[in-house]
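Here is a short report on the model shown below. It takes the ligand sites before the salt bridges and the backbone.

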Amino acid sequence: MIEKRKIILDCDPGHDDAIAIMLLGAFPEKVQFAGITTVAGNQTVDKTFFNARRVTEYLGLDIPVYRGCEGPLLRSPVLADDIHGETGLDGFTFHDLKRSPETEQGVLWMLRTLREAAEPMTILATGPMTNLAMALRLEPEIAGKIREIVFMGGAMGLGNVTPAAEFNMFADPEAASIVLSSGCPLVMAGLDVTMQALCSEQMISRMAGRNNPAARLFKDTMTSYCAVECKTYNVTAAPLHDPVAAAWLLRPKLIELKPMHVTVDCTGREGYGRTYCDYYGKGGGRANCRVALQLEADAFWDLIEEAICRYGA
Ligand code: BDR
Ligand code: CA
């Protein structure tokens with residue numbers, strides 16, 4: 001029997017967030033979206049809200065999108081506009097939106113949806129975790145309605161915005177800390193595993209060859225994103241971060257996980273936003289998170305291609 005998850009996607013599109021939406025939207029028999037909430041991260045929340053609406057409408061996905069928090073809980077705002085550009089999704093031209101915007105605030109919608117849910121729901125977080133932390137602070141008992149939180153963020157190893165920190169953690173470490181100590185089952189897809197999903201020029205050509213609306217979205221967004229990433233990090237292929245976390249919901253066997261105790265550095269100093277993953281269990285803390293170690297990269301790309309094919313000839 002195919003297991004179908006009911007999910008909320010909390011995101012900041014963002015090129016890789018957009019591909020995560022495309023990926024999950026292609027498998028309605030496995031994932032049922034209650035809705036998408038957006039947060040400030042790759043760009044301002046106005047832009048990420050607009051982008052999530054543009055991507056869903058372009059792909060013909062009937063998913064309500066809600067505008068979440070304007071900025072992080074405590075720290076000064078940080079955007080990834082150096083990578084994702086002025087629009088947050090540079091490289092693709094969308095048509096004008098037809099669907100009117102949802103007006104309910106994202107965190108309040110998330111709380112209402114979880115409260116009213118008959119069964120606990122999965123949350124996939126692919127941006128800074130401000131909305132989730134707000135929800136958990138407003139109504140801590142809502143944790144009981146969360147089946148698990150799967151997030152792209154953190155790293156056991158190197159950071160990508162500072163030597164220590166990955167972007168989603170760095171952009172709101174205090175929010176991440178609230179989520180990590182919430183008691184909710186957690187799955188972390190950090191840089192250790194997303195850096196194994198490398199999008200090369202050849203990969204863009206392979207996906208573009210499918211020549212349908214999803215293929216065009218992939219080609220144009222990834223061409224722009226990969227060019228900037230490759231220049232910024234002096235590499236020849238760019239990591240497709242957020243779809244790795246999304247892929248776990250569809251094919252958990254693609255990713256090897258290890259339970260460990262994970263905390264995030266909230267000192268505001270050099271290590272601000274660093275995730276400390278107790279791989280060897282030396283710290284004595286209870287394992288609060290299953291951390292992704294290894295990705296079956298070929299099967300991951302086959303899944304992306306299968307998703308693209310599902311958007312028509
Ligand atoms: C994460 O940061 C953002 O720029 C990406 O969308 C991804 O969620 C990678 O560090
Ligand atoms: Ca993201």
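A residue counts as buried when its relative accessible area is under 20%, and as exposed when that area is over 50%; partly exposed lies in between. By that rule, both D12 and D17 are buried. The model is predicted.

## The calcium ion

D12 and D17 are also protein donors of the calcium ion (ligand 2). Which other residues donate to the calcium ion (ligand 2)? T126 and D242 do. D12 and D242 each bind through OD, while T126 uses its O atom. D17 appears twice in the donor list, each time as OD. The donor atoms lie 2.2 to 2.6 Å from the ion.

Along the chain, the donors follow the spacing D-x4-D-x108-T-x115-D.

## The shell around ligand 1

Three of the calcium donors come back here: D17, T126 and D242 are among the residues that surround ligand 1. The rest of that shell is D16, N42, H84, M152, N160, E166, F167, N168 and H241. By class, the shell divides into two nonpolar, six polar and four charged residues.

Which helices supply at least two residues of the shell each? They are α1 (15–25), α6 (167–171) and α11 (241–250).

Oxygen atoms of ligand 1 also pair with N or O atoms of the protein. The side chain of H84 places an N or O atom 3.1 Å from a ligand oxygen. T126 makes its approach through the backbone, with an N or O atom 3.1 Å from an oxygen of ligand 1. For the side chain of N160, the distance from an N or O atom to a ligand oxygen is 2.9 Å. The protein covers 96% of the 280 Å² of accessible area that ligand 1 has on its own.

## Salt bridges

How many salt bridges does a search of the whole structure find? It finds 16. The table lists some of them, with the N to O distance for each pair.

| Pair | N to O distance |
|---|---|
| E70 and R67 | 3.1 Å |
| E148 and R147 | 3.7 Å |
| R310 and E306 | 4.0 Å |

Exposure can be read partner by partner. E70 is exposed, because its relative accessible area is 56%, a value over the 50% limit. R67 has a relative accessible area of 25%, so it is partly exposed.

In the E148 and R147 pair, E148 is buried, with a relative accessible area of 7%. R147 counts as partly exposed because its relative accessibility is 30%.

R310 and E306 meet in a salt bridge as well. R310 has 40% relative accessibility, so it counts as partly exposed. E306, at 31%, counts as partly exposed too. This pair belongs to a network of salt bridges that links E29, R251, E306 and R310.

## Backbone and loops

The peptide bond from P13 to G14 is cis, with omega near -10°. G14 sits in the loop between β1 (5–11) and α1.

Which residues other than glycine have a positive phi? N211 is one of them, with phi near 50°. N234 is another, with phi near 55°.

N211 lies in the loop between α9 (201–208) and α10 (213–233). Its relative accessible area is 51%, so N211 is exposed. The value is over the 50% limit. N234 is placed in the loop between α10 and β8 (238–239). N234 is exposed because its relative accessible area is 71%.

Is A80 buried or exposed? A80 counts as buried, because its relative accessibility is 7%. A80 has its place in the loop between β3 (65–67) and α3 (81–84). Its C-alpha atom is separated by 28 Å from that of N288, and the two residues are 208 residues apart along the chain.

How values were computed
Residues numbered from 1 in each chain as written. Chains lettered and ligands numbered in written order. Predicted model: local features only at pLDDT ≥ 70, side-chain atom pairs only at ≥ 80, totals over all residues. Heavy atoms only, no water. Donors = N, O, S within 2.8 Å, 3.2 Å for Na, K, Ca; no water. Buried < 20%, exposed > 50% of the residue type's maximum accessible area, 1.4 Å probe, protein only. Near = heavy atom within 4 Å. Polar contact = N/O pair within 3.5 Å; in protein donor to acceptor, adjacent residues only side chain to side chain. Areas by Shrake-Rupley, 256 points an atom, 1.4 Å probe, with all protein chains shown as cover. Helix = DSSP H or I, 4+ residues; strand = E, 2+ residues; numbered from the N terminus. Nonpolar A, V, L, I, M, F, W, Y, C, P; charged D, E, K, R; others polar. Salt bridge = Lys/Arg side-chain N within 4 Å of Asp/Glu carboxyl O.
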